[in-house]
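This briefing covers the overall make-up of one protein chain, its enclosed cavities and the surroundings of a single residue. Please read it alongside the sequence and structure shown here.

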Amino acid sequence: MPEKPTYEELEQRVRMFEEESVKGRMTGIALRERDEQYRQLFENARESIFVAQGGKLVFVNPMTAFLTGYSPEELQSRPFIEFIHPDDRGMVLDRHIKRMRGDSIPEVYSFRIINREGRIIWAELNAVLISWEGNPATLNFIRDITERRHTDRALFESETKFRAIFQYANDAIFLMDNDIFIDCNEKTLEMFGCTREQIIGQPPYRFSPAFQPDGRESAEKALEKISGALKGKAQFFEWKHCRYDGTVFDAEISLNELSAVGKNYIQAIVRDITDRKRSDEEILREREKFRILSDNAPFGMVLIDREGKFKYANRKFKELFGYDLDDIPDGREWFRKAFPDSEYRHTVISKWMEDFRDTSPGEKRPRVFKVACRDGNTKIISFISSLLTSGDFIVTFEDITQQKRVEMQLRQAQKLESIGTLAGGIAHDFNNLLMGIQGCASLMLLDLDPAHPHYEMARRIEEQVQSGSDLTRQLMGFARGGRYEVKPASMNDILRKTASIFGRTKKEITIHQKYSKELWNVEVDPSQIEQVFMNLYVNAWHAMPGGGEIFLETENVCLDDGQAFKYAVKIGRYVKITVTDTGEGMDAETRERIFDPFFTTKEMGRGVGLGLAMVYGIIKGHQGFINVYSEPGRGTTFGIFMPASEKEVEEEKIEAREIERGIETILIVDDEMMVLEVTRSMLESLGYRVYAFGSVQEALDLYAEKKDSIDLIVLDMIMPGISGGEAFDRFREIDPEVKVLLSSGYSVNGEARKILDRGCDGFIQKPFQLKKLAQIVRELLDKKI
């Protein structure tokens with residue numbers, strides 16, 4: 001089937017039609033035939049075509065209706081200005097009036113259209129004056145250039161970026177037409193000690209000694225290298241160059257062929273290696289290559305006749321699916337290959353037949369199907385089919401696989417975020433409850449002799465509080481914000497420790513370990529990361545009921561822009577940890593849900609589905625990411641990426657300390673009365689004088705009056721009314737040198753970290769034992785300002 005005419009062809013044919021009509025050279029029959037021909041042209045045109053008369057639309061073709069979202073009947077007699085973007089209406093109306101007056105205006109210009117759904121479309125207009133039913137009117141041709149505008153913008157940004165790279169590179173870069181310099185960057189002028197006028201138009205051997213170290217003439221050798229580059233073979237070599245003043249220096253030269261505007265050029269990159277000439281090291285850097293933008297349509301397109309045969313498929317079709325017309329000569333073969341599952345194929349065919357039966361010419365029918373490609377991959381494709389008056393179907397399609405994947409990831413992130421927020425709140429409140437129990441137990445132990453029958457009971461209470469605290473630690477990890485003790489650590493050490501513990505308990509599992517010797521350090525909460533790996537080991541164990549193997553591996557990796565964008569993390573250095581098992585594996589549906597809270601494949605009583613959700617939350621909380629690859633019967637591989645750190649791992653020092661006491665005055669501010677009273681009692685038992693307030697304002701008033709006699713403030717971070725952060729700032733306004741110990745049921749991350757960065761002296765995590773409180777309070781009181 002021939003392609004639809006462009007609006008330039010339509011305009012030419014309309015003018016011919018008018019001339020022939022005026023001259024009366026057409027018979028009535030010929031005129032009717034020509035009318036039918038032009039009607040077909042107008043209705044099947046790829047552009048929007050309409051006639052405007054008196055500021056209103058008096059004729060529209062189907063593409064105009066498609067572009068605006070209104071039916072032809074709704075468009076008739078409506079003012080065309082209604083569809084113009086408010087910011088462009090003045091310009092469009094002014095040019096329309098001038099055209100009607102016969103004034104000179106641009107033949108083609110662009111503006112924005114707002115369709116029925118409110119979507120903004122960039123349009124390019126070409127209009128001519130005509131006579132319509134005996135009165136002046138304009139025949140208008142509109143082309144949707146939205147995609148072209150986006151492409152032009154991207155091209156402009158790309159050109160700007162590469163021009164900046166070219167201009168401000170640390171190496172001298174210049175372009176040659178054969179053996180003549182035609183352009184260069186600023187570094188070239190600096191390196192050769194000349195002006196642009198002194199180097200442009202010169203050959204490279206003008207800036208070289210007569211002979212190179214191998215005895216060959218510079219001009220002869222240079223031309224040989226240039227000839228090799230022009231034949232498509234990149235050249236990389238060392239060279240003796242001269243500055244403009246005759247000073248000789250050693251350089252590394254890279255010559256590459258560069259095609260532009262149908263002509264081949266040479267791109268030369270020169271690096272001054274005088275200072276490193278004596279060393280044996282030669283560093284080869286990969287050169288950026290310019291890519292030519294394809295002018296192919298951004299979407300696929302096929303033409304199918306009324307018998308179901310594929311008459312045409314564009315290049316994008318084969319690019320997306322791998323099939324050409326020889327592979328799929330008709331619809332039957334297409335359906336068989338693209339939809340191999342018989343049940344799904346039946347559903348797809350039913351939808352297509354529905355479109356064939358019920359579609360009117362020009363009507364668009366969007367569909368979304370999963371298509372099996374020739375290489376075995378499955379893609380999600382958006383189809384739009386349209387029936388032509390000839391009876392053929394034209395179908396356009398777009399790969400929306402990535403779009404759907406991103407939408408799914410967004411929904412997953414939002415779901416985990418909301419559940420994580422709830423988990424974090426629960427953990428905070430639970431820590432406050434534990435603080436009351438912990439405080440009372442600590443005070444009891446302080447007064448009880450170890451031989452007392454209740455001493456062991458109080459100690460067990462402390463142990464249970466610690467167990468409860470460990471549970472809240474996991475909840476905080478799931479909330480992606482609960483890193484309690486972040487410090488430099490080695491992933492190799494953590495893996496060795498956890499693998500050793502797990503291996504001793506599960507003898508039926510063989511663990512293979514392959515660790516990088518030069519592995520970068522990371523900054524993590526070691527206990528939480530240990531929990532991550534223990535959860536993964538247990539998950540693997542469940543997948544291998546008869547025993548199996550686990551493979552652990554570490555390596556250093558660097559993520560570029562594309563990889564970092566895909567996982568919503570920063571570019572840079574990462575430590576990659578791979579955990580692979582030889583278990584049962586997972587299908588695609590299970591893989592998509594494994595990080596969902598409470599999702600589990602285990603039978604009742606063997607798990608609640610929080611293990612991998614916590615793994616996901618903890619890794620995200622450390623600004624890392626985790627991915628998974630698995631197939632049924634082929635095991636599972638988890639890939640964990642953690643940001644690398646320059647900090648060194650510090651050796652842990654265990655010091656045995658007695659409970660430290662004091663006589664200073666301390667102000668406590670906490671809205672939880674139980675926590676307030678028990679903290680007060682703990683500090684008083686240590687010998688301190690204590691003021692305790694549940695109201696920030698009351699505490700501020702007291703501090704303003706007695707600031708000279710108060711040595712330390714213990715401040716809760718989460719309080720109603722005035723928050724801990726605001727309270728800290730107001731205490732600092734009263735006394736810039738005030739010492740403040742921040743206390744919270746949340747972790748040190750988030751708001752607590754911001755307050756510490758503003759100068760807060762310390763942080764203590766609820767629930768805390770008496771000994772820990774005594775130690776931190778003493779350290780802050782003894783700290784010199």
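A cavity is a set of grid points where a 1.4 Å probe fits but cannot get out, and its lining residues have an atom within 4 Å of a point. The model discussed below is predicted. A search of the whole structure finds five cavities of 30 Å³ or more, and the two that follow are the largest and the second largest.

**Overall make-up**

- The protein chain contains 24 helices and 27 strands.
- Of the 785 residues in the protein chain, 43% are buried.
- Considering contacts between residues at least 6 apart in sequence, 58% join residues at least 24 apart.
- The exposed area of the protein chain is about 42900 Å², and 51% of this area is supplied by carbon and sulfur atoms.

**Largest cavity**

- The largest cavity holds about 210 Å³ of space.
- Its lining consists of 22 residues, and F50, F80, I84, F111 and I142 are the ones that lie nearest the centre of the cavity.
- Two or more lining residues come from each of the helices α3 (62–68) and α5 (86–101) and from each of the strands β1 (48–53), β3 (108–114), β4 (120–132) and β5 (135–144).
- Sorted by class, the lining of the largest cavity has 15 nonpolar residues, six polar residues and one charged residue.

**Second largest cavity**

- A volume of about 120 Å³ is found for the second largest cavity.
- There are 14 residues in the lining of this cavity, with P204, F237, H241, I253 and L255 nearest its centre.
- At least two lining residues are supplied by each of β6 (172–177), α9 (218–230), β8 (235–242), β9 (248–260) and β10 (263–272).
- The lining of the second largest cavity comprises eleven nonpolar residues, two polar residues and one charged residue.

**Surroundings of F641**

- F641 belongs to strand β22, which spans residues 636–645.
- F641 counts as buried because its relative accessibility is 9%, and the cut-off for a buried residue is under 20%.
- Leaving aside residues up to four places away in sequence, F641 is in contact with V557, Y574, V575, K576, G624, F625 and N627.
- F641 and E555 are 86 residues apart along the chain, and a distance of 9.8 Å separates their C-alpha atoms.

Technical notes
Residues numbered from 1 in each chain as written. Predicted model: local features only at pLDDT ≥ 70, side-chain atom pairs only at ≥ 80, totals over all residues. Heavy atoms only, no water. Helix = DSSP H or I, 4+ residues; strand = E, 2+ residues; numbered from the N terminus. Buried < 20%, exposed > 50% of the residue type's maximum accessible area, 1.4 Å probe, protein only. Contact = heavy atoms within 4.5 Å. Areas by Shrake-Rupley, 256 points an atom, 1.4 Å probe, with all protein chains shown as cover. 1 Å grid on protein atoms, 1.4 Å probe; cavity = no way out; pocket = protein on both sides within 12 Å on 5 of 7 lines; lining within 4 Å. Points joined across faces, edges and corners; volume = space filled by probe spheres on them. Nonpolar A, V, L, I, M, F, W, Y, C, P; charged D, E, K, R; others polar.
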